[in-house]
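Subject: Structure handover

Hello,

Here is the structure I promised to pass on. Please open it first; my notes follow below.

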Amino acid sequence: MKPYKTLVSRADAEFIINKSRFIGYGCPCETEEEALAFLARIRQKHKDATHNCYAFSAGGAKRFSDDGEPSGTAGKPILNVIEQKKLVNTAVVVTRYFGGVKLGAGGLIRAYSSAASDALSAADKIVARPMDVYKLKTDFAHAKRFTAFALRNEISIVYTEYSAKVTFTLAVESKRNVLPILSDALQAKPDLEFIETRFIERPETEKSV
């Protein structure tokens, strides 16, 4: 299980180069079908556009299209931007309204790359990392101190349940050996139960891939 980064929601960006209008759209898509549905919506919205070029990496599939632009000048550069930003489950469509001035192959590559990059930069992102989830039981005397300890040691407290004892649901970086750390914090062998390893999402600003 490897960490991955994706978009939280749709975003767009627009600019004009030599009278051509470029509009970039980025969208989170978990499957190829979702990515193609997103493309269909943008095509319908801009059915009068000269080109609706796209690329996506979703559900393990990667596809791109120049949609009538010279080969290699639109779809592949858009996909390159997605990959350079280390994004998955992400689709990008760049719409172009031709303004009458040809940009040349190099100009098209720069324009489509910029439109894709601007749209993705405008979107909020999340990072999902594989985390080991545990349940830790402790008495009330140690609970408050443990909360501060967990924060200092990058141990996430997902949920806290109060009954005869305090039960913390913890998430720690996958394969990290937390037993000696918790033993030190509690000054005793911890009542610790491993639950599962799963992806946990956090804002990109908190953790980066």
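A search for aromatic pairs gives eight of them in the structure. One is Tyr54 with Phe56, a stacked pair whose centres are 6.2 Å apart, with 10 degrees between the planes. Both partners are covered: Tyr54 is buried at 7% relative accessibility, and Phe56 is buried at 1%. Please keep in mind throughout that this is a predicted model.

Another pair is Phe146 with Phe168. This one is tilted, with 5.1 Å centre to centre and 45 degrees between the planes. The pair ties together distant parts of the chain, 22 residues apart: Phe146 sits in helix 4 (residues 140–152) and Phe168 in strand 9. Phe146 is buried, with a relative accessible area of 2%. Phe168 is buried too, at 2%. There is also an aromatic cluster, made of Phe15, Phe22 and Tyr112.

Strand 9 has another residue to look at. Thr167 lies in this strand, which covers residues 166–173. Thr167 counts as buried at 9% relative accessibility. Beyond its neighbours within four places in sequence, Thr167 is in contact with Lys135, Leu136, Lys137, Tyr159, Thr160 and Glu161.

Now the sheet. Five strands make an open sheet with antiparallel pairing, in the order 2-3-6-4-5. Strand 2 (11–17) and strand 5 (61–65) are the edges, and each pairs on one side only. On average, neighbouring strands of this sheet are turned by 10 degrees against each other, direction ignored. Seven bridges join strand 2 to strand 3 (residues 20–28) in the antiparallel sense. Within that pairing, Ala11 stands opposite Gly26 of strand 3.

Two helices go with these strands. Helix 3 (residues 104–122) packs on the sheet and touches strand 2, strand 3, strand 4 and strand 6. The direction of helix 3 makes about 150 degrees with that of strand 2. Helix 2 (residues 75–84) lies across strand 4 (51–58), strand 5 and strand 6 (90–97). Helix 2 runs at about 35 degrees to strand 4.

Next, the charged pairs. The whole structure contains five salt bridges. Three are worth listing here:

- Arg63 and Glu32 meet through their side chains, at 2.9 Å from N to O. They come from distant parts of the chain, 31 residues apart: Arg63 is in strand 5 and Glu32 in helix 1 (residues 32–45). Arg63 is partly exposed at 35% relative accessibility, and Glu32 is partly exposed at 26%.
- Lys62 and Glu83 meet at 2.8 Å, N to O. Here too distant parts of the chain are linked, with Lys62 in strand 5 and Glu83 in helix 2, 21 residues apart. Glu83 counts as partly exposed, at 33% relative accessibility.
- Arg198 and Glu196 form a salt bridge, with their closest N and O atoms 2.7 Å apart. Arg198 is partly exposed at 30%, and Glu196 is partly exposed at 32%.

Helix 1 also holds Glu34. Glu34 is partly exposed, with 37% relative accessibility. Not counting residues up to four places away in sequence, Glu34 touches Pro28 and Cys29. Its C-alpha atom is 8.3 Å from that of Ala58, and the two residues are 24 apart along the chain.

That brings me to the cysteines. How many disulfides does the structure hold? Zero. Why does Cys29 have no bond to Cys27? The sulfur of Cys27 is the closest cysteine sulfur to that of Cys29, but at 4.1 Å it is too far for a bond. The cut-off for a disulfide is 2.5 Å between the sulfur atoms. Cys29 is buried, with a relative accessible area of 1%.

Cys53 has no partner either, because its closest cysteine sulfur, in Cys29, is 17 Å away and too far for a bond. Cys53 is buried as well, at 0% relative accessible area.

Over to you.

Best wishes

How values were computed: Residues are numbered from 1 along each chain as its sequence is written. This is a predicted model: local features need pLDDT of at least 70, side-chain atom pairs count only at pLDDT 80 or more; totals for chains, interfaces and linings use all residues. Side-chain values use heavy atoms; hydrogens and water are left out. Two strands pair if DSSP finds at least two bridges between them. Helices (H or I, at least four residues) and strands (E, at least two) are DSSP runs, numbered from the N terminus. Axes are lines fitted to C-alpha atoms, for helices over the stretch in contact, and angles run from 0 to 180 degrees between N-to-C directions. Contact means heavy atoms within 4.5 Å. Buried means under 20% relative accessible area, exposed over 50%, partly exposed in between (1.4 Å probe, protein chains only). A salt bridge is a side-chain nitrogen of Lys or Arg within 4 Å of a carboxyl oxygen of Asp or Glu. Rings of Phe, Tyr and Trp (its six-membered ring) pair if their centres lie within 6.5 Å; planes under 30 degrees apart count as stacked, over 60 as edge-to-face and the rest as tilted.
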